[in-house]
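Biologist: Please pick one part of this model and take me through it closely. I would like the terms spelled out as you go.

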Amino acid sequence: MLRHSLTVLLVFLLLGCQSLSSSRSLFDELGGMPVIEKITDNFIDEISFDQQIVQHFKESDIDRFRAKLIEQICVEAGGPCTYSGDSMVDVHTKMNITEAEFNRTVDLLINAMNKAGVAHRTQNKLLARLAPMRADIIYR
Amino acid sequence: MKPLRIFAGITLGLLPVFTWAGEGKLQETAGVTQIEGSSGGGLVPWATLAGYDSRDEFSLSAFSTRVSVDDFRLYAFGAALGLFDRVELSVARQTFDLIDTPYEINQNIIGAKVRLYGDVVYSTWPQLSAGVQYKELQDDLLAELVGAEETDNGTDFYLAASKAHLGALFGYNLFWDLTLRGTKANQFGLLGYGGANNDSYEVMVEGSLAVFLGRKVALGMEYRQKPDNLAGLEEEDAMDVFVAYIPNKHFNLTAAWVDLGTIAGSDPQSGPYFSFTGYLW
């Protein structure tokens, strides 16, 4: 019986992987600009209460950070924005962000999305778009 | 198993004390602990490393597992040291209890695994690790009875590739592992190594597939091909379906249904599997 159910499950998973692309853009799925702004504000909140991560923002212009992050999330989600900030490498150079700090910040972003009411599956899709930036951020 | 209960008690008791180091990895990326003490699923060692140490940290974890199939019980417990998200060193003790007989088989396993490439979440290609499991059989009577060529010790070598795909399955995170194991082991080594059918290393294919239903629960299945070395005692492949509960980076619990096939001429053996891993450091 186990052998049969494994086969059925496997077929289901393979079919699932094929129907990856949904016609709705991630930007709309997130809830557009209002939700992206909410995520960003929550994220800044999360960072400000994290004794370790907040150290990296000591000399940051938080208003600018907020504006550029909103643009960036909007662009990554396929929304109607243009990113006008600096490259990820430029921003993070000499910050010497460790892998552990990066992963902790991912957790803070997840908290921010939870508090903004973003569904788990939508969160994963956004994280997948942001994940490739890691190499430009850590150990710079 | 009194020692197991004491062990689990100590593990649980220590958890609140040691909660400040080796937590730099993303939750779930340490996997759980497989039956031979390596980071993996339940049956299959994955390319993941035990513990939540990032490249600047180290970690210590401990596990205990109980498998209750129809005519046998398999208990395992052990510990693993994770070094800088690069190396995993593990020790495990297995006790295979033949219910309704006076026999039990004990086996000690020392494992080492090195991450060769990548990150299970972030790299383009899958995380790749190479590992070794050195097994020392403490009770060789049954291995001799079934005709194993080697009844003292044996070594398995494996190469594992693991990858998590964020949001890949209807928005859920999907994980897979493929492991190739070079082995001569009969029934995980509990019945020694090699036999009249075959006495040389063979490459066995093992694999796992899991879906994360949220940040804390994973649902998956595994397949582990096994050699068939002993004359007249067909050895079948093993498989399982599992639910892993990973609420935080301090502990996880896994429940599974395991099918081990026939063991030394027995009826097909299947039953529940429970495992606990605690991260001490």
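Modeller: Happily, and I will begin with residue classes: Ala, Val, Leu, Ile, Met, Phe, Trp, Tyr, Cys and Pro count as nonpolar, Asp, Glu, Lys and Arg as charged, and the others, Gly among them, as polar. This is a predicted model, where local features need pLDDT of at least 70 and side-chain atom pairs count only at pLDDT 80 or more, while totals for chains, interfaces and linings use all residues. Residues are numbered from 1 along each chain as its sequence is written, chains are lettered from A and ligands numbered from 1 in the order written, and side-chain values use heavy atoms, without hydrogens and water.

Let us look at the largest cavity. A cavity is a set of points, on a 1 Å grid over the protein atoms alone, where a 1.4 Å probe fits but cannot get out; its lining residues have an atom within 4 Å of a point. Grid points are joined across faces, edges and corners, and the volume is the space filled by probe spheres set on the points. The whole structure holds six cavities of 30 Å³ or more, and the largest has a volume of about 90 Å³. Its lining takes Glu99(A), Asn103(A) and Arg134(A) from chain A, and Lys25(B), Leu26(B), Thr29(B), Asp85(B), Asp119(B), Val120(B), Tyr122(B) and Gln127(B) from chain B. By class, the lining has three nonpolar, three polar and five charged residues.

One lining residue, Glu99(A), also forms a salt bridge with Arg55(B), at 3.3 Å from N to O. Such a bridge needs a side-chain nitrogen of Lys or Arg within 4 Å of a carboxyl oxygen of Asp or Glu. Between chain A and chain B there are three salt bridges. The elements giving two or more residues to the side of chain A that touches chain B are helices H1 (2-18), H6 (99-115) and H7 (120-130) of chain A, each helix being a DSSP run (H or I) of at least four residues, numbered from the N terminus. H1(A) makes the largest share of that side, with nine residues. That side of chain A divides into 17 nonpolar, seven polar and six charged residues. Counting heavy atoms within 4.5 Å as contact, 30 residues of chain A and 34 residues of chain B take part.

Conventions. 1 Å grid on protein atoms, 1.4 Å probe; cavity = no way out; pocket = protein on both sides within 12 Å on 5 of 7 lines; lining within 4 Å.
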